[in-house]
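Me: I am new to this structure. Can we go through it in short questions and answers?

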Amino acid sequence: MKNFATKTEFKPGTVWLAGAGPGDPGLLTLHTLHALDSADVIVFDALVSDPILDLAPEHTPREFAGKRGGKPSYKQVDISLRIIQLARQGKRVLRLKGGDPFVFGRGGEEAAALVSAGIPFRIIPGITAGIGGLAYAGIPLTHRDTNQAVTLVTGHDATGKVSRIDWKAISDGSPVIVIYMAMKHIEKIVQELRRAGRQANEPMAFVCNASMPNQTVLETTLGTCLADIKTSNIKPPSIVVVGDVVNLREGLDWLGAEEGRVLINNIDTGTIDKKTG
Ligand code: SAH
């Protein structure tokens with residue numbers, strides 16, 4: 001492979017606020033890989049997987065800034081102050097977050113803190129769990145036969161309470177709903193969606209530890225998911241999807257196919273069959 005010729009210099013005294021993707025190191029961007037290699041210090045979140053941190057040289061200091069639902073978290077302000085402090089010491093600071101830093105990752109807050117401190121920084125997008133994580137379960141976010149819109153929501157707000165979003169509007173307007181941080185309030189979320197008119201037999205999937213070796217997928221429905229969660233080993237981190245795209249998994253579970261499961265043949269192959277370009 002040719003060298004990554006356009007690689008951008010990671011300058012001392014700057015912060016790279018980077019997304020690590022859902023877990024599989026193969027889903028890192030080249031920029032993040034370069035940053036792992038050249039950082040003076042890595043400040044990482046709980047959702048950044050060990051195989052990704054292992055890509056950094058052994059001697060690179062790592063600081064855990066654990067932010068994980070339901071467990072004690074470092075205060076956001078402390079994390080921001082710490083990365084500012086490290087940058088002011090002239091270090092190349094890699095601030096590594098799970099998924100994408102700007103998708104339910106509080107990357108905007110950290111970036112704003114860097115702006116007000118006058119620290120130069122770069123944002124490196126990552127593959128978000130709600131897209132890449134579902135892809136690892138063989139669930140496309142959109143398919144032209146099922147949905148022309150999709151909504152990404154968080155299951156709880158900054159205070160930890162169930163999100164005060166307009167579930168009725170989302171339910172009416174979005175055939176596919178992807179829910180981050182759903183597990184804590186899953187009963188309430190299911191209740192809200194049912195009350196908003198989504199049917200009990202509507203397909204739903206939970207993808208737990210998406211893209212990691214211990215990935216598990218629960219295919220269920222809005223009506224049966226609460227009972228199914230109890231009898232399954234689904235726990236956070238899980239990404240939840242509601243909508244007909246879940247049915248496509250039966251044919252598109254490529255990871256299952258790699259492990260020997262047979263894919264079905266009756267899915268719409270779209271442009272290949274119809275030659276509509
Ligand atoms: N910035 C992250 C999201 C952080 S919020 C991103 O873009 O993906 C944390 C939530 O993300 C978790 O509660 C879970 O819903 C989801 N999540 C992140 N990584 C995941 C993974 N590997 N498998 C399943 N869900 C994941």
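Me: Is Y180 buried or exposed?
Reply: This is a predicted model. Buried means under 20% relative accessible area. Y180 has 9% relative accessibility, so Y180 counts as buried.

Me: Which residue forms an aromatic pair with Y180, edge-to-face?
Reply: The ring centres are 4.9 Å apart, with 65° between the planes. Planes over 60 degrees apart count as edge-to-face. The partner of Y180 is F104.

Me: How many residues apart are F104 and Y180?
Reply: F104 sits in the loop between strand 4 (93-97) and helix 4 (107-117). Y180 belongs to strand 7 (residues 176-180). The pair links distant parts of the chain, 76 residues apart.

Me: Why does F104 count as partly exposed?
Reply: Partly exposed lies between the cut-offs of 20% and 50%. F104 falls in that range because its relative accessibility is 38%.

Me: What is the angle between the planes of F10 and W16?
Reply: The structure holds four aromatic pairs. F10 and W16 form one of them, 4.4 Å centre to centre. Planes under 30 degrees apart count as stacked. This pair is stacked, at 20°.

Me: Which residue has a side-chain N or O atom 2.6 Å from an oxygen atom of the ligand?
Reply: P22 and D100 also approach the ligand, but through backbone atoms: P22 lies 2.8 Å from a ligand nitrogen, and D100 lies 2.8 Å from a ligand oxygen. The side-chain contact at 2.6 Å belongs to T128.

Me: What share of the ligand's accessible area does the protein cover?
Reply: On its own, the ligand has 540 Å² of accessible area. The protein covers 92%.

Methods:
Residues are numbered from 1 along each chain as its sequence is written. This is a predicted model: local features need pLDDT of at least 70, side-chain atom pairs count only at pLDDT 80 or more; totals for chains, interfaces and linings use all residues. Side-chain values use heavy atoms; hydrogens and water are left out. A polar contact is a pair of N or O atoms within 3.5 Å; within protein, one must be able to donate a hydrogen and the other to accept it, and residues adjacent in sequence count only if both atoms are side-chain atoms. Accessible areas come from the Shrake-Rupley method with a 1.4 Å probe; for residues, only the protein chains shown count as cover. Rings of Phe, Tyr and Trp (its six-membered ring) pair if their centres lie within 6.5 Å; planes under 30 degrees apart count as stacked, over 60 as edge-to-face and the rest as tilted. Helices (H or I, at least four residues) and strands (E, at least two) are DSSP runs, numbered from the N terminus. Buried means under 20% relative accessible area, exposed over 50%, partly exposed in between (1.4 Å probe, protein chains only).
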